[in-house]
Structures are given as C-alpha cells and as structure tokens.
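Here is a short briefing for a reader meeting this structure for the first time. Start with one residue and its surroundings, then work outwards.

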Amino acid sequence: MTEAQLTNPPPERLPVSVITGFLGSGKTTLLKYLLAHPDMGETAVIINEFGEVGLDHLLVEKAEDDTILLESGCLCCTIRGDLIDAMRSLFKRRAKGEVPPFKRLVIETTGLADPAPILHTLMQDPVLTAVYRLDGVIATVDAVNGEMQMDRQMESVKQAAVADRVLLTKSDLGNAASLANLEGRLRRLNPAASIQRITHGAVSPASLFNAGLYNPESKSLDVQRWLREEAYAERDAHTHGYHHHGHDHHAHDHGHGLDVNRHDAHIRAFCITRDEPIDWQKFCAWIDMLTATQGPDLLRIKGVLNVAGETQPVAIHGVQHLFHPPVLLPAWPGDDHRSKLVFITRDIDQKVLTESMTAFLDEANSA
C-alpha cells in the first residue's frame, strides 16, 4: 500500500458473496432454496456443477452450455476452468446484453475449499477489482456434525472464522444443548458474524447479503455495520466477567478455556485500537513486514484508521498477504476517531501484533 493508493469511495461495483462450508454442511440445499426465491432475481450464481444442485425443476431456458436462466430470474453459471475467466466473461456478457443485467454475484466453493483463494481473486485481478467488490462470506455449519468436523478439520474452522454470516443448517435435527454449545463455540471463534439457525436451506436472502463496507440501502459507506468491533468487546466482557475500559485491556488470550487440541485454540479474533493518529508510511511498512513473515496466518484483517494529516478515516481490508486498495471514507461514523483494527489470525497472539505495531509506529517518537 502506498500514499497514491488512497482512493475516494469507488464507484458502485457489483457485490460478490462467497458461500463456503464443509462437505455435507448444506450448501447445495441452501443454494436450491435461494435460487428458487423470488428475491434472488437479478442475481448471478457461479457453481461447480449444475447436476450437484439439481436445477431441473427451476429451469426456464438454457442460454448456453454453461449458463441457465431460472424461474426466479437468477442466472446460474458453472465454472469452466479458471474463476477469473468465468467472472470476466460473465461481466462482459452482461455489458453486451447477452445475459440479464444481474446486480449481484454469488460464488459457491467446494466443501474442502479454503475461501481465501477466492477472496484473493477479488483483490488482485485488476479487471475484477474494477467491476466487482467483495460483499461478504457466508459459511454453512452442520448443526449435527459441526462439532466433530471442527474438531477434525482445520478448514471447517477457518471457513467459520472468516465468515460474515454463519448458517447453522439442519438445526431441526440437533438437540437444544448441542446447538447451544455449537453456537457458543462459533460466537467465541467469530464474534462479529451473525449466526442463524436454518432448516432445509430456508433463509431470507436479505439476511445474508449486504455485509460489506458499502450499504446499498443508504447508498453510502457504513463502517460500523461492516467492522462491528463492539462485538469483540461484548465477547470479552461475557468471557471474562467484566467490561474492559480502553485498549489497554484488549490483550486477552481468547483460546483459553478451550481444549488445546481443538483447532479453535489456534484461531484468535480480536480488535486493536490506537488513540494517536497513525503515520501512513510506517503503518504500510508494518503491514508489509507482517504479511511477508506471517501472511498465511493472517486470515482476515479489517480496519478503519485515523491517518495523520487526513481529516477523513481510511478503511483497509486484507486476507492473508493481499489487501484491497485502501479507501478514504467521506466522514467518521461518529465522535470516536480512534483507529480500530480487527484481526482473525491463526497462531498469532494479540500481544505480539500490538507490540509489533507499536514498535513500528512509535519508532520516530522513541528516537
């Protein structure tokens, strides 16, 4: 990131939502429900195979070998080769009027997939970043088998950890105590994500989308809704039995209380705040160092920064070693002008990041 990369709010781009979840967690059932929902009109959906979802009863017409128009108005496409090519081709066909003018794109991942490569695609391809923007990640978690899958498969934990929306599927089959335990586990893992219990894939599309920085309802950038840093304070207060006062009390080990053999114990989710304005060049140097040395374990980073010399806040968003271009927001969302950085990490303690950031940013002062 450089000073020149600071941009004003970009023109409205097509929002992209990524649906992820472990094998058997109900992604296909969810997609079948969504594709039939009338509120999903003007949505394009990219899936791996038509046959897996079973679209016969929803079919209206077949436009091409890899594109189907459904009764709900959805446009359903399969991935042929590279996702980048599929997304570029889809947008070009939209621009030429060869497919309906969809206003949203939904991508389904495979059950064993780490969603990070898809998020990287949205961040690093210059054509895609010009016309698409990441709206959010939706993770399905099996209410019956979710605990076992999270115990055995790190990927299932990462899927839930980086999500903006978590759906507890098959919730009608789980008993109350098991559901409560799994939901509590997910809230500790990812306090900022909304969690919904669903059955047979039934969920309102409105509750899944519009999780990004841009709020299409208000036609503005909504920092508080996107960052949700208060969720981490609420989680800490509930976990530790007291409310914190100021950023000196952030440094807690949120893996404690968990079996150290659980994959959850390796995931940390926390918010770091800083009262003083941040030197942009030093912050970028710190991020460069961090991504170079610990990039794979920086699962997701969101933040709003008070940059020295700027009257407007700067929003940043990164996944592992890649970052979206930082955005200069029109105004602060409230009276609190502190910098706030939300991290989801693997095997990186908050104290390490806090001390590292302080060392970089306060270098000139100490000198």
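Not counting residues up to four places away in sequence, methionine 357 touches Ile272, Arg274, Trp286 and Leu341. Keep in mind that this is a predicted model. Methionine 357 sits in helix H12, which covers residues 350-361.

**Around methionine 357**
- Is methionine 357 buried or exposed? Methionine 357 is buried, and its relative accessible area is 3%. That value counts as buried because the cut-off is under 20%.
- Leucine 290 is 67 residues from methionine 357 along the chain, and their C-alpha atoms are separated by 9.4 Å.
- Aspartate 347 is found in the loop between strand E17 (339-346) and H12. Its phi is positive, about 60°, although aspartate 347 is not a glycine.

**The chain as a whole**
- The protein chain holds 13 helices and 17 strands.
- It has 367 residues, and 54% of them count as buried.
- Take the contacts between residues at least 6 apart in sequence: 74% of them join residues at least 24 apart.
- The accessible surface comes to about 16000 Å². Carbon and sulfur atoms account for 50% of that surface.

**The largest nonpolar core**
- How many residues are in the largest nonpolar core? The core has 65 residues.
- Those with the most contacts inside the core are Ile46, Met87, Leu90, Leu105, Tyr132 and Leu186.
- Isoleucine 46 is in contact with Met87, Leu90 and Leu105 from that group. Leaving aside neighbours within four places in sequence, the other contacts of isoleucine 46 are Cys77, Ile79, Leu83, Ala86, Val106, Ile107 and Glu108.

**Threonine 28**
- Threonine 28 lies in helix H1, which spans residues 27-36.
- Threonine 28 is partly exposed, at 27% relative accessible area.
- Glu52, Val53 and Glu108 are in contact with threonine 28, leaving aside its neighbours within four places in sequence. Glu108 is also in contact with isoleucine 46.
- The C-alpha atoms of threonine 28 and glycine 54 are separated by 8.7 Å. These two residues are 26 apart along the chain.

**Helix H7**
- Why is H7 largely enclosed by the rest of the structure? Seven of its eight residues, within 154-161, are buried.
- The buried residues of H7 are Met154, Ser156, Val157, Lys158, Gln159, Ala160 and Ala161.

**The second largest cavity**
- The structure holds three cavities of 30 Å³ or more. The second largest has a volume of about 70 Å³.
- Rolling a probe the size of a water molecule over the atoms shows where empty space is left.
- Three elements each supply at least two residues of the lining: strand E7 (132-142), helix H6 (146-152) and H7.
- Which element gives the largest share of the lining? E7 does, with four residues.
- Among the lining residues are Ala139, Thr140, Val141 and Asp142. Gly146, Gln149 and Met150 also line the cavity. So do Ser156, Gln159 and Ala160, which are among the buried residues of H7. Gly21 and Phe22 belong to the lining too.
- By class, the lining has five nonpolar, six polar and one charged residues.

**Arginine 228**
- Arginine 228 is in the loop between helix H9 (223-227) and helix H10 (230-240).
- Phi of arginine 228 is near 50°, a positive value in a residue other than glycine.
- Arginine 228 is partly exposed, with 27% relative accessible area.

How values were computed:
Residues are numbered from 1 along each chain as its sequence is written. This is a predicted model: local features need pLDDT of at least 70, side-chain atom pairs count only at pLDDT 80 or more; totals for chains, interfaces and linings use all residues. Side-chain values use heavy atoms; hydrogens and water are left out. Buried means under 20% relative accessible area, exposed over 50%, partly exposed in between (1.4 Å probe, protein chains only). On a 1 Å grid over the protein atoms alone, a cavity is a set of points where a 1.4 Å probe fits but cannot get out, and a pocket is an open set with protein on both sides within 12 Å along at least five of seven lines; lining residues have an atom within 4 Å of a point. Grid points are joined across faces, edges and corners, and a volume is the space filled by probe spheres set on the points. Ala, Val, Leu, Ile, Met, Phe, Trp, Tyr, Cys and Pro count as nonpolar, Asp, Glu, Lys and Arg as charged, and the others, Gly among them, as polar. Contact means heavy atoms within 4.5 Å. A nonpolar core is a set of buried Ala, Val, Leu, Ile, Met, Phe, Trp, Tyr and Cys residues joined through side-chain atoms within 4.5 Å. Accessible areas come from the Shrake-Rupley method with a 1.4 Å probe; for residues, only the protein chains shown count as cover.
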